[in-house]
Amino acid sequence: MADEKGRGGLGTLVGGMGDHLRNSQVWTSIFRPGSPARADGGDSPRNRAYVVMNNVLYHLHPVKVKRHGVRLSYTLCLGGLSFFLFILLTVTGIFLMFYYRPTSPQAYFDLQALATDVAFGQLVRNMHRWGAHIMVLTVFLHMTRVFYHGAYKPPREFNWVVGMILLTLTLLLSFTGYLLPWDQLALWAVTVGTNMGAYAPVFGDQVSFVLIGGVQITADTLLRWYTLHVLFIPFITVIFMAVHFWRVRKDGGVSGPL
Amino acid sequence: MAQLPENLLRRAAEARAKAEGRPVEDVLAEMKGEAAPAASASAAAPVAAASDGGGRDLDADASKFGVPRSLLERAMFARAKADGTAVPAMAGAGAPGAPAAAAAPSAAAPTAAAPTGPPPGVRTQRLLTVVKAGAIQGTTKEPQDKVNVWPHLLAIEFVALLAMLAFLTLLSAFVDAPLLEFANFNEQPNPSKAPWYFLGLQELLAYFDPQVAGVIIPTVGVVALAFVPYIDRNPSVRPSDRKLAISIFTVFVMGASVLTIFGSFFRGPGFNFTFPWRDGIFFDDLKTLLE
């Protein structure tokens, strides 16, 4: 009897502390109205709307979408997964930047050290590399999905063009990253790839010169492609992604059912 | 009683007259709460004609144009005021809203020579247009079948995200990214292959001149792909209506895939043809996975 009473008292105390915390100014200033973390954040149609509306998510999603648009079999989540992979590659990429110097021969030795000296270093590098390959795939599959649904038709014509730019930027991101390990695979794959660009008529040589920072790939190319890979191309990509997502909403969300 | 537009009133009167087998005018007058039109019309019309010869039958106009009588009256007042002429005598019954006034004018009309403006408190305005009732009704949006993003869409996205993260983590835990020997400018590996997503193009280089395979085909391909929405003007999204578009795109996707797979797995030393099951796979992107 006394035991039960004691537990009840403790439970009340803990519960009271929880309520006190959730009603505090700090808590309610962080979690905006509608959030399930709030004391008044129960499940109701109003709060379901608020979860999106009172949240940074409102930049990505409206409060409501067409029912068929959330069917996994329609979009296969390919666009969303591409975006998620971009974020994952940014996070893992920042981690790799802590341990990587874009100079020869340090670049190669840093990658070797990553596998032996750094906690989870090899795992993060693996995730970065396989994630990049998968992202090329998901972006390409996203494009085919959109084509087969005719989702590039008015009013979505321009968003298809933005998507093509993003596909190109994805390939460029992957290609510039390809050189950074500075091993035989990186060097010669990039040599073969850039040689193709040098065939361009009239200004092919100039393009090639600017791209690799010389007449052939050197350590200067490494620094140049590193800067492009971690700064310039992601910067451009983020801008076009913002336009892409904004247009998806402005053009009426996921295209209609077939 | 709310003032009904004359045309609606008339339509109702016609329907009722048809049902009861009575003359339309009788029913209309009854609905307006007036005496039978025969009496007032016969009394008022000659008077109007006598006063200035320009009297107009507002009731007739109202039903003819489908415009409420009160508006016609107001317009007439305004026009008279603007022209500086006397208001023409009104024929027919009084305004529907004021049936009591209808009796008096029959006597007063001959002497009411110059009521120069609208009654006090009435704002005059010109009638620009009359929107019929049918045109402004039925504009409500078609209801769409919608669901809340939270939880329906966000839950799916979150699960997809977790599945991708789990797959990637497991893959990375078991398969290392390749790291070959240190870059050596003096020793080109054989074969030298581009990153896998360019292997379709490298495969094309085996068939065509570099200008064609390395420049023209990819440039034309990317530009044509970017302009797809402006080339394909067919508005339908039904697959049965887009056989040509789907065929062309499928040929493109299959062609790119076959070339890429061919370049990845069926090309060996010297970029010569090889069977992967006979000579082994020369594809360093997946070197660690295949070992």
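**View 1. Confidence along chain A.** Chain A has a mean pLDDT (the predictor's confidence in each residue, from 0 to 100) of 90, with 97% of its residues at 70 or more. Residues 1–5 of chain A are another story: pLDDT is below 50 there, and the stretch makes 0 contacts in the model beyond near neighbours in sequence. A contact here means two C-beta atoms, placed from the backbone, within 7 Å. Where pLDDT is low, don't read the predicted coordinates in detail. This is a predicted model, so local features need pLDDT of at least 70 and side-chain atom pairs count only at 80 or more, while totals for chains, interfaces and linings use all residues. Residues are numbered from 1 along each chain as its sequence is written, with chains lettered from A and ligands numbered from 1 in the order written.

**View 2. The side of chain B that touches chain A.** Here 58 residues of chain B are in contact with 63 of chain A. The largest share on the chain B side, 14 residues, comes from α8(B). By type, that side splits into 38 nonpolar, 11 polar and 9 charged residues; nonpolar covers Ala, Val, Leu, Ile, Met, Phe, Trp, Tyr, Cys and Pro, charged is Asp, Glu, Lys and Arg, and the others, Gly among them, are polar.

**View 3. Strands pairing across the chains.** Strand β1 of chain A (residues 64–66) pairs with β3(B) in the antiparallel sense over 3 bridges. Val65(A) sits opposite Val147(B) in β3(B). Strands are DSSP runs of E, at least two residues, and helices are runs of H or I, at least four, numbered from the N terminus; pairing takes at least two DSSP bridges.
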